[in-house]
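User: I'd like to practise reading strands and cores in a model. Can you walk me through one, giving the general idea and then the case at hand?

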Amino acid sequence: MKQNSSLYNLIIILCTVFLLACAKEKKDIIPVVKTNKEGLPILQPLKEEMPKLSPAYIKEKQQKVAHYFDKVWTDKDNVSFLVAQNGQIIYENYKGFANRSKKESITKETPLHIASVSKVLTATAVLMLIDAKKIKLEQKVTEFLPNFPYPDVTIQTLLNHRSGMKNYAYFTYKTGVWDIRKELTNQDIVTIMKKNKIPLESKTNTRFSYCNTNYAILALVIEKVTKMKYPEAMQEMIFKPLGMTNTFVYETSKHRGKVSLSYKGNMDLAVEYLDGIYGDKNIYSTPRDLLKFDKARYAPSFLNAELLKKVYQGYSHEKRGEKNYGLGIRMLEFDKGEPFYYHNGWWHGNTSCFINMRKEKVSMIVISNKYTHKTYQTKKLAPIFGNYPFKSVDDKEE
């Protein structure tokens with residue numbers, strides 16, 4: 001009897017220790033906050049440490065990247081340039097002027113217009129709203145925007161450029177459609193499409209056609225769902241939580257005359273009636289801020305696994321080829337090896353390149369406010385970090 005009592009006491013003690021250990025472990029787990037107090041999804045910084053790169057590895061890669069930079073970019077260029085791996089900056093360089101007449105140099109804190117790389121951030125906000133079950137991929141746009149004139153267009157066909165819509169830059173320029181002395185807004189695009197019965201370029205979801213209108217409409221969907229203007233929603237959902245202090249959405253009333261200028265050769269490029277449209281463009285940022293953004297998209301809390309998989313798959317296979325588009329990201333799909341994920345941008349004299357090598361955890365971010373195609377050559381750095389079939393900067397063009 002005494003033996004049974006002792007055994008019983010031992011079991012009680014062990015159970016108590018186990019429960020206390022579980023309670024401590026549970027207490028130590030910090031819950032991931034995916035929404036703010038208003039229920040708006042917010043992008044969390046990556047809390048998990050990526051493996052540290054060795055000094056020898058950094059030095060080796062740094063020398064190769066610096067060799068590329070010195071060969072491609074000259075003192076006549078304007079550029080913000082950064083290459084990182086595992087969230088650690090390997091090389092960065094900043095050249096030229098944000099404002100030549102004022103002798104304002106480009107530094108690591110200088111926001112430049114990132115053009116269509118803005119689409120990656122717009123898509124991210126939409127995907128977060130989908131993950132929070134405030135939007136569905138397959139939902140019709142008309143459920144959010146009743147005056148939207150194309151009943152078959154869904155959120156997904158906006159994200160992957162399969163809506164079939166025409167580019168607003170073309171149909172708004174026609175005589176009698178819009179007074180180009182007035183700044184166009186996102187809502188004006190919907191009004192014009194409906195009023196003027198602008199036809200689709202192709203039947204929805206029958207082919208890929210890259211079109212800025214898709215992302216201008218997505219900005220309106222973000223506004224409808226969040227009950228905030230797009231600049232404010234992006235600030236609350238992405239920029240502020242990640243500490244992207246040098247990133248903002250351009251608003252003419254707030255920023256005209258206060259942002260970096262745009263150049264082509266020695267000529268300053270003027271603003272025009274399309275400069276008020278956002279979602280497809282109009283985010284100003286820096287490579288360091290965009291690195292924070294890129295790192296955050298690796299966080300386990302970013303999106304559920306099923307949705308994340310959909311982001312990085314191609315949706316356009318009508319014709320055999322390497323080029324494809326996911327949900328807010330371009331890709332090159334090779335017969336062998338990893339897909340190459342990226343997004344380029346161009347608006348006025350601003351060109352940009354955002355490369356996200358997911359397997360190697362490499363980020364390459366290049367922005368210029370002086371028109372050049374050099375920005376798009378950045379993919380030539382990929383073979384330094386992985387098995388990608390791009391010519392290096394030292395290879396002679398055939």
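User: Let's start with β13. Which of its residues are buried on one side, and which on the other?

Analyst: The general idea is that side chains in a regular strand alternate between the two faces of the sheet. In this predicted model, N350, S352, F354 and N356 of β13 are on one side, while T351, C353, I355 and M357 are on the other, and every one of these is buried. Since 8 of the 8 residues in β13 (residues 350-357) are buried, the strand is largely enclosed by the rest of the structure.

User: Which strands does β13 pair with, and over how many bridges?

Analyst: Look for the bridges and then the direction. Strand β12 (residues 340-347) pairs with β13 in the antiparallel sense over 6 bridges, and H343 has F354 as its bridge partner in β13. Strand β14 (residues 362-368) also runs antiparallel to β13, joined to it by 7 bridges. There, S352 has I367 in β14 as its bridge partner.

User: How many residues lie between the strands in these hairpins, and which residues have a positive phi?

Analyst: Count what lies between the strands, then check the backbone angles. β12 and β13 form a hairpin with 2 residues between them, and H348 in the turn has a positive phi of about 55 degrees. The hairpin of β13 and β14 has 4 residues between the strands, with K361 at a positive phi near 60 degrees.

User: And β1? How many of its residues are buried?

Analyst: Read β1 by its two faces as well. Strand β1 (residues 79-85) is mostly covered, with 7 of its 7 residues buried. V79, F81, V83 and Q85 make up one side and S80, L82 and A84 the other, and both faces are covered.

User: What are the bridge partners of L82 and F81?

Analyst: Take each neighbouring strand in turn. β1 is joined to strand β2 (residues 88-95) by 7 bridges, and the two run antiparallel; L82 stands opposite E92 in β2. Their hairpin has 2 residues between the strands, and N86 takes a positive phi near 55 degrees. β1 also pairs with β14 in the antiparallel sense, over 6 bridges, where F81 has V366 as its bridge partner.

User: Let's try a helix. Which residues of α6 are buried, and what covers them?

Analyst: For a helix, list the buried positions and then see what touches them. In α6 (residues 186-195), the buried ones are N186, D188, I189, V190, I192 and M193. Their cover includes α5 (168-171) and α7 (212-226). Just after α6, K197 takes a positive phi of about 50 degrees.

User: Which residues have the most contacts inside the largest nonpolar core?

Analyst: In soluble globular proteins, nonpolar side chains tend to be buried together. The largest nonpolar core here has 85 residues, and those with the most contacts inside it are L121, I155, L159, M193, I217 and I238. Take I238: leaving out residues up to four places away in sequence, I238 touches L43, L121, T124, A125, M128, M244 and F293. A second, separate core has 29 residues, including Y91, Y342, L381 and I384.

User: Last one, the whole chain. What share of its residues is buried, and how many helices and strands are there?

Analyst: Step back to the totals. Of the 398 residues, 52% count as buried, and the chain has 11 helices and 14 strands. Among contacts with a separation of 6 or more, 67% come from residues 24 or more positions apart. The C-alpha trace spans about 100 × 55 × 45 Å along its principal axes.

Terms used: Residues are numbered from 1 along each chain as its sequence is written. This is a predicted model: local features need pLDDT of at least 70, side-chain atom pairs count only at pLDDT 80 or more; totals for chains, interfaces and linings use all residues. Side-chain values use heavy atoms; hydrogens and water are left out. Buried means under 20% relative accessible area, exposed over 50%, partly exposed in between (1.4 Å probe, protein chains only). Contact means heavy atoms within 4.5 Å. A nonpolar core is a set of buried Ala, Val, Leu, Ile, Met, Phe, Trp, Tyr and Cys residues joined through side-chain atoms within 4.5 Å. Two strands pair if DSSP finds at least two bridges between them.
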